[in-house]
Amino acid sequence: MSGGEKERPGGAITEERIREALRAIGEDPDREGLVKTPRRMIDAYRFLTSGYGMTAEEAVGGAIFEEKNVDEMVMIRGIDLYSLCEHHLLPFFGQCHVAYIPNGKVIGLSKIPRVVNVYARRLQLQERLTFQIADALCRILKPKGVAVVIDAIHLCMAMRGVEKQNAYTKTSALLGGFRNQPQTRAEFFSLLRQTRDS
């Protein structure tokens, strides 16, 4: 187990179990291309679900700073996001946009993508993921408001089922001033629509 990762409950994913799954779909786990696949799969899923081994508070650490004179919106757009749909264990990916209104404290900017990863690296629903990110930042920062928007493509829709490759799913979670104040909400969505060149 890598440093900082906590022991997970339940039985271990073993190479033999993956070999059995490969046999069940009609493959030969002893052929050259698949011999090392069980180990690679264990390593990949351990990484892709590493969010279970940490909390948002641990990801932020001590990077909360007193800043009484900052009370305007802080936004990070375009945080790349990769997660696994809990219904099919297929990836969904896209971008997460986060904003908050400070209330005497600011957070180290690199910590916001870390909070996103804590929840993205679990089996997820996009709707739940969006709220979890917003709720964690509210809990940790106690700001005047938090807004989170995720745009993502789900491979469970793109490569199976309805097979719609260009269907984006957009979800939002608006808390505090972003929910209660129409002007703040409008400013957030206006900034979100702006291109980087504008």
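Two strands pair if DSSP finds at least two bridges between them, where strands (E, at least two residues) and helices (H or I, at least four) are DSSP runs numbered from the N terminus. The exercises below use a predicted model, in which local features need pLDDT of at least 70, side-chain atom pairs count only at pLDDT 80 or more, and totals for chains, interfaces and linings use all residues. Residues are numbered from 1 along each chain as its sequence is written, and side-chain values use heavy atoms, with hydrogens and water left out.

**Exercise 1. The sheet**

Work out the strand order of the open sheet of five strands, and find which strands lie at its edges.

Solution.
- Step 1: Start with the order, which reads β5-β2-β3-β6-β7, with mixed pairing.
- Step 2: Look for strands that pair on one side only; these edge strands are β5 (123-124) and β7 (168-176).
- Step 3: Check the direction of β2 against β5. The two run parallel and are joined by two bridges, and leucine 84 stands opposite leucine 123 in β5.
- Step 4: Now turn to β3. Strand β2 (residues 74-85) and strand β3 (residues 91-101) run antiparallel, with nine bridges joining them.
- Step 5: Pick out residue partners along this pair. Valine 74 has tyrosine 100 as its bridge partner in β3, while serine 83 stands opposite phenylalanine 92.
- Step 6: Finish at the connection. β2 and β3 form a hairpin with five residues between them, and leucine 89 in the turn has a positive phi of about 60°.

**Exercise 2. The nonpolar cores**

Find which residues have the most contacts inside the largest nonpolar core, and which element gives the most to this core.

Solution.
- Step 1: Set the criteria. A nonpolar core is a set of buried Ala, Val, Leu, Ile, Met, Phe, Trp, Tyr and Cys residues joined through side-chain atoms within 4.5 Å; buried means under 20% relative accessible area, exposed over 50%, and partly exposed in between (1.4 Å probe, protein chains only).
- Step 2: Apply them. The largest core has 34 residues, and Cys96, Val98 and Ile133 have the most contacts inside it.
- Step 3: Assign the core to elements. At least two residues each come from α3 (56-60), β2, β3, β4 (105-107), α4 (111-120), α5 (126-141), β6 (145-154) and β7. With seven residues, α5 gives the most.
- Step 4: Note that there is also a second, separate core of nine residues, including Met73, Ala147, Phe178 and Leu192.
- Step 5: Zoom in on valine 98. Contact means heavy atoms within 4.5 Å; leaving out residues up to four places away in sequence, valine 98 touches, among others, Val74, Ile112, Ile133 and Val148.
- Step 6: Keep the background in mind: in soluble globular proteins, nonpolar side chains tend to be buried together.

**Exercise 3. A covered helix**

Determine how many of the residues of α4 are buried, and what they pack against.

Solution.
- Step 1: Count through the helix: seven of its 10 residues are buried, and α4 is mostly covered.
- Step 2: Name them. The buried residues of α4 are Lys111, Ile112, Val115, Val116, Val118, Tyr119 and Ala120.
- Step 3: Find their surroundings, which are α3, β2, β3, β4, β5 and α5.

**Exercise 4. Salt bridges**

Trace the salt bridges of arginine 39, and say whether its partners are buried or partly exposed.

Solution.
- Step 1: Use the cut-off: a salt bridge is a side-chain nitrogen of Lys or Arg within 4 Å of a carboxyl oxygen of Asp or Glu. The whole structure holds 11 salt bridges.
- Step 2: Take glutamate 15. Its side chain meets arginine 39 at 3.2 Å, N to O. This pair links distant parts of the chain, 24 residues apart, with glutamate 15 in helix α1 (residues 15-24) and arginine 39 in helix α2 (residues 37-48).
- Step 3: Take aspartate 43. Its closest N–O approach to arginine 39 is also given as 3.2 Å; both residues lie in helix α2, four residues apart, about one turn of the helix.
- Step 4: Check accessibility. Glutamate 15 is partly exposed at 34%, arginine 39 is partly exposed at 38%, and aspartate 43 is partly exposed at 42%.
- Step 5: Compare with a network elsewhere: salt bridges link Glu16, Arg19, Arg23 and Asp30. Within it, glutamate 16 and arginine 23 have their closest N and O atoms 3.3 Å apart.
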